[in-house]
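Good morning, and thank you for making time for this item. I would ask you to look at the sequence and the structure together while I speak.

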Amino acid sequence: TREHHHSTMGSILSVFPENPTAKTLAIASAITFGIQWTGFTFAYALKTEKFFDALGSFNFIAINFLSLFGYFPFDSSSSDSVHWRHIMVSSSLLLWSARLGTFLIQRILETGRDSRFDKIKHNPTALFSLWSGQALWVILPSLSPLINRSVPASVQPPIGPLDFIGFGIFSLGFLYETIADYQKFKWRRDPKNKGKFITGGLWNQCRHPNYFGECLLHYGIWLNAFNGISAGGSAGLFPSWTVWASLVGAVFNTLVITRLTGIPILERTSDKKFGNLAEYQEYKRRTPCFFPKIC
């Protein structure tokens with residue numbers, strides 16, 4: 001019966017914190033690590049990397065979709081009508097994750113492999129660490145949308161200039177990443193470019209325009225959520241410093257891309273492959289690594 005279903009759900013959710021925001025983050029984290037660790041189990045058993053990116057994107061979509069449409073914190077007293085800021089912030093992350101996931105899935109289906117996993121997929125410890133790292137990559141950039149969604153519409157301030165600035169920054173980063181990915185994907189499909197490096201389009205402005213766009217859009221999402229989270233802090237829903245703590249997601253994503261698994265790996269690979277070419281050295285000399293040149 002419906003009453004029995006709600007009673008069972010209530011019993012399950014009783015293990016989570018009572019505060020709606022804390023409950024939202026706890027449930028989202030439990031779902032995220034559950035998805036990623038299940039993915040690791042199958043990936044190691046099958047010795048494959050083909051659904052790594054797909055589960056990352058699905059995970060983003062799952063927790064932010066469930067949050068946006070009120071499926072958690074599962075507390076009807078804390079989830080009144082949806083505010084436009086809820087829609088703007090959560091939909092931005094949903095749009096980005098769906099676009100990126102579609103692109104990455106298409107790429108792995110065409111290439112058939114991801115060289116990052118050649119050795120790792122045979123090492124359970126390293127593979128588990130990578131899947132766990134992806135769980136952090138999902139939950140941390142989702143902090144500002146999730147926290148913002150936990151602030152009821154009755155507490156949310158009206159949409160203002162900061163929201164449009166944040167949404168504008170997100171849109172710029174989203175377009176920049178999407179165009180850069182498309183340009184490189186199309187360039188790679190041309191047989192005459194095999195064994196070469198891309199220098200045209202946005203790749204003439206910086207060597208990693210897709211990563212620049214991705215980092216930028218996350219700061220836009222955080223800025224779009226700023227007023228909502230600030231209002232939640234002022235209303236006593238959580239500490240006032242939470243709005244600044246939620247910035248950790250964008251910062252974490254930037255550090256991962258610029259210092260760990262993104263740019264450093266690609267730079268080493270390119271240096272090893274093209275380092276002896278004068279035109280590559282000239283390209284590196286005149287083209288910034290991360291921040292696009294203005295002219």
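I shall begin with the overall fold, turn to the charged side chains, and close with several individual positions.

Please bear in mind throughout that this is a predicted model.

Let me start with the fold. The protein chain contains 12 helices and 0 strands. Its pattern along the sequence is therefore a plain succession of helices, α-α-α-α-α-α-α-α-α-α-α-α. The radius of gyration is 21 Å, close to the 19 Å that the globule rule gives for 295 residues, so the chain is as compact as a globular protein of that length. The C-alpha trace spans about 70 × 50 × 30 Å along its principal axes.

How much of the chain is buried? Buried residues account for 46% of the 295 residues. The accessible surface of the protein chain amounts to about 15000 Å², and 66% of that area belongs to carbon and sulfur atoms. As for contacts, if we take those between residues at least 6 apart in sequence, 81% join residues at least 24 apart.

I now come to the charged side chains. There are 28 positive and 18 negative side chains in the protein chain, and the centres of the two sets lie 8 Å apart. Counting pairs in which a side-chain nitrogen of Lys or Arg is within 4 Å of a carboxyl oxygen of Asp or Glu, we arrive at 8 salt bridges. I shall discuss three of these pairs in turn.

The pair I take up to begin with is R99 and E177, which form a salt bridge with their closest N and O atoms 3.6 Å apart. R99 belongs to helix α4, residues 84-111, and E177 to helix α7, residues 161-188, so this pair ties together parts that are 78 residues apart in sequence. Are these two residues buried or exposed? R99 is buried, and E177 is buried as well.

The next pair is R207 and E267, whose side chains meet in a salt bridge at 3.0 Å, N to O. E267 sits in helix α11, residues 263-274, while R207 is in the loop between α7 and α8, so the pair ties together parts that are 60 residues apart in sequence. With a relative accessibility of 12%, R207 counts as buried. E267 is also buried, its relative accessible area being 12%.

Helix α11 supplies a partner to one further pair. D271 and K284 meet through their side chains in a salt bridge of 3.0 Å, N to O. D271 lies in helix α11 and K284 in helix α12, residues 278-286, so the parts tied together here are 13 residues apart in sequence. D271 is partly exposed, with a relative accessible area of 33%, and K284 is partly exposed at 23% relative accessibility.

Which residues are linked in a network of salt bridges? They are R207, E267, D271 and K284. The network thus takes in R207 and E267, which are buried, together with D271 and K284, which are partly exposed.

Let me move to helix α6, residues 143-150. This helix is mostly covered, with 8 of its 8 residues buried. Among them are the charged residue R149 and the residues P145 and N148.

In the loop between α6 and α7 we find A153. At 13% relative accessibility, A153 counts as buried. Its C-alpha atom is separated by 8.7 Å from that of R85, although the two residues are 68 residues apart along the chain.

Two further positions deserve a remark. K47 has a positive phi of about 50 degrees although it is not a glycine. K47 is placed in the loop between α2 and α3, and it is partly exposed, with a relative accessible area of 33%.

The other position is E110, in helix α4. E110 is partly exposed, with 44% as its relative accessible area. What does E110 touch, not counting residues up to four places away in sequence? The residues are F185 and R189. E110 and V243, by contrast, are 41 Å apart in space, C-alpha to C-alpha, and 133 residues apart in sequence.

To close, I would return you to two points: a chain of 12 helices and 0 strands, and a salt-bridge network that links R207, E267, D271 and K284. Thank you for your attention.

Notes: Residues are numbered from 1 along each chain as its sequence is written. This is a predicted model: local features need pLDDT of at least 70, side-chain atom pairs count only at pLDDT 80 or more; totals for chains, interfaces and linings use all residues. Side-chain values use heavy atoms; hydrogens and water are left out. Helices (H or I, at least four residues) and strands (E, at least two) are DSSP runs, numbered from the N terminus. The radius of gyration is taken over C-alpha atoms; the globule rule is 2.2 Å times the number of residues to the power 0.38. Buried means under 20% relative accessible area, exposed over 50%, partly exposed in between (1.4 Å probe, protein chains only). Contact means heavy atoms within 4.5 Å. Accessible areas come from the Shrake-Rupley method with a 1.4 Å probe; for residues, only the protein chains shown count as cover. The place of a charge is taken as NZ of Lys, CZ of Arg, CG of Asp or CD of Glu.
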